[in-house]
There are 2 protein chains.
Amino acid sequence: MSGDTKIYVSYNQVHEIIKKAVAKYRIGQEFQPDLIIAIGGGGFIPARILRTFIKRQGNKNILIQAIGLSLYEDIHDISDESAVALAKATNQVIKTQWLSFGPPVATTLVGKSILIVDEVDDTRTTLSYAVQELRKDIAEQEKKFIKEHPGKKVPETKLGIFVLHNKKKEKKMQLPDESIVRAGRYWAADETADRWIVYPWEAIDIEEHTQKCV
Amino acid sequence: MSGDTKIYVSYNQVHEIIKKAVAKYRIGQEFQPDLIIAIGGGGFIPARILRTFIKRQGNKNILIQAIGLSLYEDIHDISDESAVALAKATNQVIKTQWLSFGPPVATTLVGKSILIVDEVDDTRTTLSYAVQELRKDIAEQEKKFIKEHPGKKVPETKLGIFVLHNKKKEKKMQLPDESIVRAGRYWAADETADRWIVYPWEAIDIEEHTQKCV
């Protein structure tokens, strides 16, 4: 094998693999997301496309909220440099945005079906962190639910994960919520070898990029 | 003129008009955004692509945060139906997510250059609302700045707007911050007649959609 071992993906290919994955795994059928959480910046585009294909009946759009998690990226607007250094040293993730709770939307996560979306599952670090932090929020809100509804059973909150590409490799982290995998709610639209995936939104010359996608 | 009067736009066309607009209007040169605010869900994809073209030197990514504003859409996860009814009746906008403030990022908007991104400027209602709400946050944070730095001049906070398409039509709302237009920080990658624009992320059959884009 010689030359460029990167995997180039075109916009239409991204769109198409999302459509196929939704049909194949029947995403949105049994597990009907109330909320899509896009991990930014990579999850923004897959999340928006995914919503087109798991739109509910009656033309109701599923709400998308974004969270900002940064692992590799060198974020510009960090005001606390020591936090960045610490995150880098410990392989941690930097939270650059989190969910909004409050009327008129999404006042609670309890009992909801929540689909987390990102572009690539590489080392699984970002996804694990997202699940861990969401589970903290959910646990807190469950406590509040119990306080406000004594004696009532706490409705189950279901998390799912959708990524464009899962790289077949040893993962640095495991998902802290095993029920996601056990219940079959981890979906990768495609699986790849451990190679560099070049997404179209990173392309400077989109015609040249598209020609490389076969 | 007969038949389909909708305007179909392909992914590669979206990518290309963003690239051209950045070069033509020198976006990111004089006005260097510290923060990109994507109005979801339509602004997610343009914002992510735009970041590729206004990346700063040293490979530092510009932070993107999302805000959720809903005008036309029938959001699924609305817990307060009266809020929705009111918003519809008064042509208002529903806030489904807002910015996160706090360490390690974006602890304040004061003195920052902020670029708001959406897909289309139709009636200007959503954009006006976004600017109005941001200006409220900025005013509050400026008060805090003055309190914490008595006697010091409050640094100017600059807003800019970038949309894929501006529809040439009478707008229902004007931007509450006139300095955006006056300083030449309102950018539309393209202008269109008042027709229905079909974006690729809404397409069910992406091949068919792409063929319609000329």
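**Helix packing and sheet architecture in the predicted model**

Helices α1(A) and α1(B) are oblique to each other. This holds in a predicted model, in which α1 of chain A spans residues 11-24 and α1 of chain B spans residues 11-25. The two helices pack at an angle of about 135°, and their axes lie 8 Å apart. Because angles over 145 degrees would count as roughly antiparallel and those of 65 to 115 as roughly perpendicular, the oblique class applies here. On the chain A side, the contact comprises A:Tyr11, A:Asn12 and A:His15; these meet B:Tyr11, B:Asn12 and B:His15 of α1(B). Classified by residue type, the contact of α1(A) with α1(B) contains 2 nonpolar and 4 polar residues, and no charged residues take part.

One residue of this contact, B:Asn12, was examined individually. B:Asn12 is located in helix α1 of chain B. Its relative accessibility is 19%, so B:Asn12 counts as buried, the cut-off for this class being under 20%. With residues up to four places away in sequence left out of the count, B:Asn12 touches A:Tyr11, A:Ile206, A:Glu207 and A:Thr210.

Within chain B, α1(B) also packs against helix α2(B), which covers residues 44-53. The angle between these helices is about 45°, and their axes are 9 Å apart. At this angle α1(B) and α2(B) are likewise described as oblique to each other. The crossing of α1(B) past α2(B) is right-handed. From α1(B), the residues B:Val14, B:His15, B:Ile18, B:Lys19 and B:Val22 take part, and they meet B:Pro46, B:Ile49, B:Leu50 and B:Phe53 in α2(B). By class, the residues in the contact of α1(B) with α2(B) comprise 7 nonpolar, 1 polar and 1 charged.

The sheet of chain A was considered next. In chain A, 6 strands are arranged as an open sheet with mixed pairing, in the order β4-β3-β2-β5-β6-β7. The edges are occupied by β4 (94-97) and β7 (186-192) of chain A; each has a single partner strand, so one side of each is left without a neighbour in the sheet. On average, and with direction ignored, neighbouring strands of this sheet are turned by 20° against each other. Helix α4 of chain A, residues 125-148, packs on the sheet, where it touches β2 (35-40), β3, β4, β5 (113-121) and β6 (158-167) of chain A. The direction of α4(A) makes about 170° with that of β6(A). Strand β3(A), residues 63-70, pairs with β4(A) in the antiparallel sense over 3 bridges. In this region A:Gly68 is placed opposite A:Gln97 of β4(A).

In chain B, an open sheet of 6 strands is found in the order β4-β3-β2-β5-β6-β7, again with mixed pairing. Strands β4 (94-97) and β7 (186-192) of chain B form its edges; as each has a single partner strand, one side of each is left without a neighbour in the sheet. The average turn between neighbouring strands of the chain B sheet is 20°, direction ignored. Strands β5(B), residues 113-121, and β6(B), residues 158-167, pair in the parallel sense over 8 bridges. Within this pairing, B:Ile114 has B:Leu159 in β6(B) as its bridge partner. Helix α4(B), residues 125-148, packs on the sheet and touches β2 (35-40), β3 (63-70), β4, β5 and β6 of chain B. The directions of α4(B) and β6(B) make an angle of about 170°.

Technical notes:
Residues are numbered from 1 along each chain as its sequence is written. Chains are lettered from A and ligands numbered from 1 in the order in which they are written. This is a predicted model: local features need pLDDT of at least 70, side-chain atom pairs count only at pLDDT 80 or more; totals for chains, interfaces and linings use all residues. Side-chain values use heavy atoms; hydrogens and water are left out. Two strands pair if DSSP finds at least two bridges between them. Helices (H or I, at least four residues) and strands (E, at least two) are DSSP runs, numbered from the N terminus. Axes are lines fitted to C-alpha atoms, for helices over the stretch in contact, and angles run from 0 to 180 degrees between N-to-C directions. Contact means heavy atoms within 4.5 Å. Angles under 35 degrees count as roughly parallel, over 145 as roughly antiparallel, 65 to 115 as roughly perpendicular and the rest as oblique. Ala, Val, Leu, Ile, Met, Phe, Trp, Tyr, Cys and Pro count as nonpolar, Asp, Glu, Lys and Arg as charged, and the others, Gly among them, as polar. A crossing is left-handed if the near helix is turned anticlockwise from the far one by less than a right angle, and right-handed if clockwise. Buried means under 20% relative accessible area, exposed over 50%, partly exposed in between (1.4 Å probe, protein chains only).
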